[in-house]
Amino acid sequence: MASGSERRPRWKRRAWIAGGAALIILVAAAGYGAWFGSEQGIEVVHYGTSNTRVLTVQGDLVTLEQTPESGKPGTYWLECGGAYSMLGDVVSRAPGRVTRKVLRGPTPSVGTPGWFGNVPPGDPEVAWGIGYSEIMVPTELGPAPAWYVPGKGATWVVAVHGQNGRRKAELKILPVVHRLGLPFLDISYRNDEGAPPSPDGLLHLGDSEWRDLEAALRQAQTMGARRFVLYGTSMGGQIIGQFLGRSSLANLVDRVIMDAPMIDVRMTGEQGVKNFHLPAFLAGLSNQVIKWRTGVDTDRLSLIRHPPKIRPPLLLIHTAPDTAHPIQEARDLVATGRRLGWKIQFEPFAQGEHTEAWNVDRARYDRLVRDFLSPARSAP
């Protein structure tokens, strides 16, 4: 039988082993969480094509399987088998289903799976019946496609979409821009479908992508552009911010519109950790992993703490419920602008998720954009 003195060392060894195992598990969990967080920021993702299903059709009323997407209030689009329909606000609800009115496009067939989303479908012709041409922008990594809608004058509106988005996301403002007669250029950038990949195959959160925006402006100059209005949604706002701070062409920008922009990457990361109910410290670890994987210093990607050197008048649109880029980012940028004398027109929307201000109140959104762009219409 073992004595008490023999049992004590054995107990201590077991305690050390258990403690060591627990530490290893904690470190592994933290490492996985940090890697997962970095993936949310820099992984290139191309999305699928179905998130709801058509249950019944009666005239111009379509009943869909209710999902977190299809039950949202406002104006959205449904893509079914390559056909696109604009759907209006919710008409009625029942358990597991939601009914909406078809505003534009064909009525989908019963049983059809579809993609319910907040961005216009296809290209300018498909979405709005507006003619366009596709041009290729010579970037430093290779040619990247862009949609060009001609207009009058030498002031162009250039649109930049967000993280893992597509050019069609920027088509919400095209009807207003087209009515004002302004030329419109909707660009792609590295890692987009049809555009060249980045050397490491990862997103750089605006730190590199701004150079593709610069290349697009140089291409526009060869086509007659002299001044620019920049429009960016989500990460497109950060791309524009980095362009304004780092490009020699920044002084050609007359005004900027940002919709739900990624203003501060660190704050965005902290929000992402909250969304996944992860410990707060993982946001900082994730940023360190991003830096290790890409070389990008995420602390530098803050338009609040590092505002751009060129600061044109800015129309800043943001929905209060945004859980991707919290509206506090926008409020802090407004405070920075006030301190620097940067003219920022801040327009919060009480409803709508990320980049859904247009969807929940198109009339107000269009009016804000029209009024903000009207001076550019008369520019030489």
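This passage describes an open sheet, the helices that pack on it, and two loop residues with positive phi in a predicted model. Because the model is predicted, local features were accepted at pLDDT of at least 70 and side-chain atom pairs only at pLDDT 80 or more, whereas totals for chains, interfaces and linings use all residues. Residues are numbered from 1 along each chain as its sequence is written, and side-chain values use heavy atoms, with hydrogens and water left out.

Helices (H or I, at least four residues) and strands (E, at least two) are DSSP runs numbered from the N terminus, and two strands are said to pair if DSSP finds at least two bridges between them. Under these terms, eight strands form an open sheet of mixed pairing, in the order E7-E8-E10-E9-E11-E12-E13-E14. The edges are occupied by E7 and by strand E14 (344-349), each of which has a single partner strand, so that one side of each is left without a neighbour in the sheet. On average, neighbouring strands of this sheet are turned by 20° against each other, direction ignored, where axes are lines fitted to C-alpha atoms, for helices over the stretch in contact, and angles run from 0 to 180 degrees between N-to-C directions.

Strands of a sheet pair through backbone hydrogen bonds, either parallel or antiparallel. At one edge, strand E7 (residues 133-139) runs antiparallel to strand E8 (residues 142-149) and is joined to it by seven bridges; Ser-133 stands opposite Tyr-148 in E8, and a hairpin connects E7 to E8 through two residues. At the other edge, strand E13 (residues 314-319) and E14 run parallel and are joined by six bridges, with Leu-314 placed opposite Ile-344 in E14.

Helix H4 (residues 210-222) packs on the sheet, touching E7, strand E9 (155-160), strand E10 (184-187) and strand E11 (227-233), and its direction makes about 120° with that of E7; contact here means heavy atoms within 4.5 Å. Helix H8 (residues 327-340), in turn, lies across E13 and E14 and runs at about 160° to E14.

Most residues other than glycine have a negative phi. Asn-191, in the loop between E10 and H4, nevertheless has a positive phi near 80°, and this residue is buried, with a relative accessible area of 8% (buried means under 20%, exposed over 50%, partly exposed in between; 1.4 Å probe, protein chains only). Ala-260, found in the loop between strand E12 (253-259) and helix H6 (265-275), likewise has a positive phi, of about 50°, and is buried with a relative accessible area of 0%.
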